[in-house]
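Hi everyone, thanks for making time. I'd like to walk you through two sets of contacts, one inside a chain and one between chains. Here it is on the screen.

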Amino acid sequence: MATETALEAQAGTSGGTPHGTPFGVAKGETGFRHWSALRNAAILLVVWEVLGRFKLVAGGALPAPTDVIIRFWSDRGDYPLHILATFQGASLGFLIGNGLAILAGILFAVSPVAARLGRGLNVAIFALPPIAISPILVLTFSGMTPRVVLAALGCYFVTMSATVTGISQTDRRMLDVVRAYGGTRLALLRLVEIRAALPAILAGLRIAAPAAVLGSILAEFGGGGRFGLGAYLIGSLGRADPARLWGIGLAATAMALIAYGIFALIEARLTRSTRAVTVAATPPGIRSEGSLVSTIAITLASIALPFIVWWLLLKILGTPAMIAKTPAGVFDYLFLAPSATSAQTRLLAALGQTLPMTLIGMAAGLAFAFALALASVVRPGIVRSFMPVALVTQTMPLVALTPLLVLLLGRGPSVILWITISVTFFPAFVTLAQGLGMVSRGALDVVRAYGASPFTQLRLVSIPASLPYLFAAMRLAVPRALLGVMIAEWLATGTGLGNLLNQSRGYLDYGMIWTVAVVSVLISVLFYQIVIVIERHVLRKRGMQPAA
Amino acid sequence: MISNTGITLETVSRSFQGRGTVVQALDNVSLNCPAGSFTALIGPSGCGKSTMLRLALGLDDATSGEIGIAGMKPQQAAKAGLTGVAFQDAALMPWRSVEDNIALPLDVLGRKRADFTGKIAGLIDLVGLKGFEKSLPGELSGGMRQRVAIARALVTDPKVLFLDEPFGALDQILRRQMNIELQRIWMKNRATTLLVTHGIDEAVFLADRVVVMQSRPGRIGKIVDIPLARPRLPEVFTTPEFHALEDQVAEALDGH
């Protein structure tokens, strides 16, 4: 499982590891930090006001904050219902998704076989670009269900992997104490593991909360229902009213930020008493693999499982075959039906546009994140002033951001790149900064004792030591990059897979909708697996363990 | 009541698969600790003393050989609540208060905590932590944490007590004090005790017999009987007999 627990790094903390934020803020500086953050925010607002007031950006596409507020006030009658609708979808999805995620996480942590069987399904859910399946959900379900499902899917992987990591990183000494008194598996879970995993689980919930909001908005976006911030946004898109779009975008961001903040507070309260008192001497055990035959069997079953679940879900729901394509249906559409060649041509053309942008955007986002993480080691001040902005862009639901970026950047390829960078950057940065922050002080002291400059320290110690985190960041970035590109294509540029999906939705071309969804998940999984293979190879050669 | 509460190891071996190599952590070890005896295990790193303890606790399975704790398999004895254990590192749960940490074995064994409130209070008093009942481990010093771990090991009135370098992390002064305390506690309840230690003086001071182990492969080198009378007072540390016994153990450690 270790390789799949990608988001834990993003989730921030874990049971046994030395705590501390990756951003190394000393306690005494807190007051100063608050003050400077306020000052930075004030400067930003003033600049924004001036830019907006005099229509300096893209001919008035960036409205002044005061205009946004005035518009928000005149729209105030609309907001409560939309916010309530999004909140309902998001919160129900949050509860269901996280409930399932924690149960699944416990199951995977307890049973290595279950973990290996569930791997295919987990990777598929992780890699799944929500935008690709939102039309399918809207076709298959009615009412609130698509929102709830997408919000739940947005939560599942984060919390599941946080739970697994939390449990599997439980201090082994505590487990030994319980085992020495004949404690059963259940006693271990009840008395130690679940409690020890709590900080990790809460960190997962913190990340999952804005993801649920985003999931709900994405589903509203794909249609279904009059109310919800997503529906409001889509409805306002054609009205050339930037102030309102900004208002909706900011409302969605505020919602996500509040959700994030609530769980961050709970987490901070609870983790205080859970910090490990000493450092564990023994590393978490390495699970032994079974025979070759059973390994192959389990791997195949794990690949087959997502398809079986897909097929079973459709059977259970009883959706008409015309709308709901089974795996066989998609195969038929793409390879056997009379229209197969035309479908293939359109799909390949779209892929030809989407894939290069995904790779470039991902590389740029990662490079930017790595550069900033390194800079933050040398100059921690950079992070301090940059973090709040990064946090806002991260929790700002992507969909709300896109129309605004279109207003600012137009509909060219640059908007795709910016969106992709903005979605890959933050999780990658957090992961990398965490990795760099965890570099052992002792190792740094050794080179420092020989008078190494900060750059020599980076080169000789920090960068090599944080290599596992670079791979973890890449694993995180893969599906997000594809999601970013597809959203930009759908909403802004009218190219590639995103556009193909949107068009097929308009033509009611169900076969193509399903095909695009399946292909985008497969691509995402494929990239993810490629990263894992390289990661295993590189880290094994250097005698390192993958970062969670 | 179980009449025989001894520890027996019969031709026990344990090997670990490394990368293309097999490490023989324990090779054909036989040891018999009679009921009520105090045995110290001493040896260089990697001689298999911790492995032996883990096997006796049922935390690990032997590759071959038989282990009996009070005539039962280790896991059975553990489930029956006959054993108590204190590890090298206190291994306290950071979210449980001192009291709750001491009560942990009761929770594992499914015993009612209400029946033990007096017992827990007594143990806290015994290890000198009165007033710290509600403290969290993070608020205690290293020595205090270790004393919580000792109290936890004693809460079930164990018939067989395993101590894995319980004072390894303490300074020499505190360690002496704890040794004297431990002897007092042991003389009261006479649990069969197996102590793993790095300290020759500690082993000689506390044990009836010192089992000297050797590494590669892990095996018993020599068993040194300690005929000093009990209770052993702190003054015994400076007597010639004590030094002679220490020298015997040290020689055995060197392989003579």
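Taken over C-alpha atoms, the centres of domain 1 of chain A and domain 2 of chain A are 19 Å apart. Please keep in mind that this is a predicted model. As for the bounds, the domain assignment of chain A runs from 73 to 277 for domain 1 and from 325 to 548 for domain 2.

So how many residues are in contact here? Domain 1 of chain A brings 32 residues, and they are in contact with 30 residues of domain 2 of chain A. On the domain 1 side, the elements giving two or more residues are α5 (112-127), α6 (130-140), α9, α10 (229-237) and α11 (242-271) of chain A. Which of them gives the most? That is α11(A), with ten residues. Now the classes, for those of you thinking about chemistry: this side of domain 1 of chain A, the one that touches domain 2 of chain A, has 28 nonpolar residues, four polar and no charged ones.

Let's move on to the chains. The contact between chain A and chain B takes 21 residues from chain A and 23 residues from chain B. On the side of chain A that touches chain B, two or more residues come from each of α8 (172-180) and α9 (185-221) of chain A. Here α8(A) gives the most, with seven residues. By class, the side of chain A that touches chain B divides into eleven nonpolar, five polar and five charged residues.

One last thing to look for on the screen: α9 of chain A is listed on the side that touches chain B, and α9 is also listed on the side of domain 1 that touches domain 2 of chain A. Thanks, everyone!

How values were computed: Residues are numbered from 1 along each chain as its sequence is written. Chains are lettered from A and ligands numbered from 1 in the order in which they are written. This is a predicted model: local features need pLDDT of at least 70, side-chain atom pairs count only at pLDDT 80 or more; totals for chains, interfaces and linings use all residues. Two residues are in contact if their C-beta atoms, placed from the backbone, lie within 7 Å. Helices (H or I, at least four residues) and strands (E, at least two) are DSSP runs, numbered from the N terminus. Ala, Val, Leu, Ile, Met, Phe, Trp, Tyr, Cys and Pro count as nonpolar, Asp, Glu, Lys and Arg as charged, and the others, Gly among them, as polar. Domain bounds come from an automatic or database domain assignment.
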